[in-house]
Amino acid sequence: MSQKLSELWDSIGKEILGTARNELYLNMRFLDLALCSLRYQMDTGAQVAGLDGYVIYFEPYGLSELFDRDRKSLNRLYLHMVLHGLFRHLTRKGARKEGLWHLACDIATEAMIDGLEKRSVRRALVPERAEVYRELSKRLSVFTAEGVYHILHEWKLTEEQEKQLSELFLVDDHSFWPKDEGGERPSEAVSELDKRWQDIADRLETGAETFGREQEEGDGGLLEQVKLQNQRRQDYRTFLRKFSVWREEMQIDEDSFDYGFYSYGLRLYGNLPLIEPQEFKETKKIQEFVIAVDTSMSCSGERIRAFLTETCGILFQTESFFKKVRIHIIQCDEKVRSDTVVTDQKELSAFAAGVEIQGGGGTDFRPVFAYVEELRRRGELRRLKGLLYFTDGLGIYPVKRPDYDVAFLFMKEDTDVSVPAWAMKLILADTASVSEEKGLDANIQFIN
């Protein structure tokens, strides 16, 4: 290709992408920053177009053919790539299988676009896609890439089935996505890219509020999905500090120790220091804690066991607890089924290894709170600061707020469930991280 011809095709491709961007903007003004945040660059090796998080790489011939054949498909292609960025699909693969993760991201993104009532992207839903959505909706109320991936993994697709699904939802070229370097932590480049799209999503939410609700009509929940994906992670160690109390603990308090007086005494009297370090230190840790699990029919035993094993393991791996603690692990459906008290790592390990799920009835959260009050009345819980309740949220909540902090934990696919205004709502993105939402109608409040 000659230099002049290359420049011509480069100009044509960029103009086509600019046209798609402008048409999307006219329908979805609240996406303006995300739509305009990408540069364009010609790449004859691309499969029509692909995104690396900063640049859209396009193959000019395929792009111009798509423009001539189907403008809506072109608009959908552009929006598809933008949503990959907003939902952080490029940066949150983790330890998942690459091919299955890419498929899950495409399904979640296309499900969102297929639900939009916008002229620039609306088209009839093909039966094959509708069937996939129907099967996924049996387990998911919100189609996130993480939730879709989990179900696809459970389906144990054959290579041919995975290929067919990939072709059904294929839109853009994922070869430009950041490569997984195989480390436990994301690379600096991936972290920077994630921060970039986090910032775009933050500003997008602010802009959407400025435009008002009329801009969200027919958006198929797109803005709510962006808000959901935009929830920041928080380590359990940080979150658990909410439930800690001050107490003296037998250990050397190096913070209050004066090395000047200590050294002076040794120099003046030989081996007689003028001051010794304090043997008691005032620390803020968790002494009493309650973990309640919903064992109703709507919560699977496998899910509960995984939560208890991972959560309890995290708790005792941290330095959040005093050496003498009392952790009540309560199983409850419509009534309290069991209360296991663990006081150290050994008891916890034994419980996690042999836990038997008891229940299977309906869901009522009130008996747990009544039972906890009875424990406090009997003096078995004296310094309780908080209760963690793992559930799918489909039950009867107490009306009155207790005088300790309460957090309801949900898996990611249960995020549309509301909790009482006095409780915290936490979403388990994975077993080691949570995001927080306070109240029924309050804006999501993040902990940094």
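This is a short walk through a few spots in one structure, starting with its cores and ending at two buried loop residues.

Okay, first thing to keep in mind: what you're looking at is a predicted model.

Let's start with the cores. The largest nonpolar core has 62 residues. If you want the ones with the most contacts inside it, look for L31, I56, Y78, L79, L86, V148 and L222. Which helix gives this core its largest share? That's α5, residues 98-114, with 10 residues. Take V148 from that list and leave out anything up to four places away in sequence: it touches A104, I107, A108, L136, L140 and F143. There's also another core, lying apart from that one, with 21 residues, among them L375, L384, Y404 and W422. As background, nonpolar side chains tend to be buried together in soluble globular proteins.

Now over to helix α15. Its 12 residues should span 16 Å at 1.5 Å a residue, and the end C-alpha atoms are 17 Å apart, so the two agree. The buried residues here are V368, F369, V372 and L375. They cover an arc of only 115° around the axis, so they sit on the same side of α15. Just past the helix, G379 has a positive phi, about 85°.

Next, strand β1, residues 39-42. Which side chains are buried, and which are not? Y40 and M42 point to one face and are buried, while R39 and Q41 point to the other face and are not. That alternation is what you get in a regular strand. β1 runs parallel to β3, residues 55-58, and 4 bridges join the two. Across that pairing, M42 stands opposite F58.

Last stop, the loops. D364 is in the one between α14, 345-354, and α15, 366-377. Buried or exposed? The cut-off for buried is under 20% relative accessible area, and D364 comes in at 11%, so it counts as buried. Its side chain makes a polar contact of 2.8 Å with the side chain of R366. Setting aside neighbours within four places in sequence, D364 is in contact with C332, D333, E334, Y389 and I396.

The other loop residue is S120, between α5 and α6, the latter being 127-137. S120 has a relative accessible area of 8%, so it's buried too. What does S120 touch, not counting residues up to four places away in sequence? The list is E23, L24, N27, M28, K72 and N75.

That's my tour, happy to rotate the view if anyone wants.

Conventions:
Residues numbered from 1 in each chain as written. Predicted model: local features only at pLDDT ≥ 70, side-chain atom pairs only at ≥ 80, totals over all residues. Heavy atoms only, no water. Helix = DSSP H or I, 4+ residues; strand = E, 2+ residues; numbered from the N terminus. Buried < 20%, exposed > 50% of the residue type's maximum accessible area, 1.4 Å probe, protein only. Polar contact = N/O pair within 3.5 Å; in protein donor to acceptor, adjacent residues only side chain to side chain. Contact = heavy atoms within 4.5 Å. Core = buried A, V, L, I, M, F, W, Y, C linked by side-chain atoms within 4.5 Å. Expected span 1.5 Å × (residues − 1). Arc of directions from axis to C-beta. Pairing = 2+ DSSP bridges.
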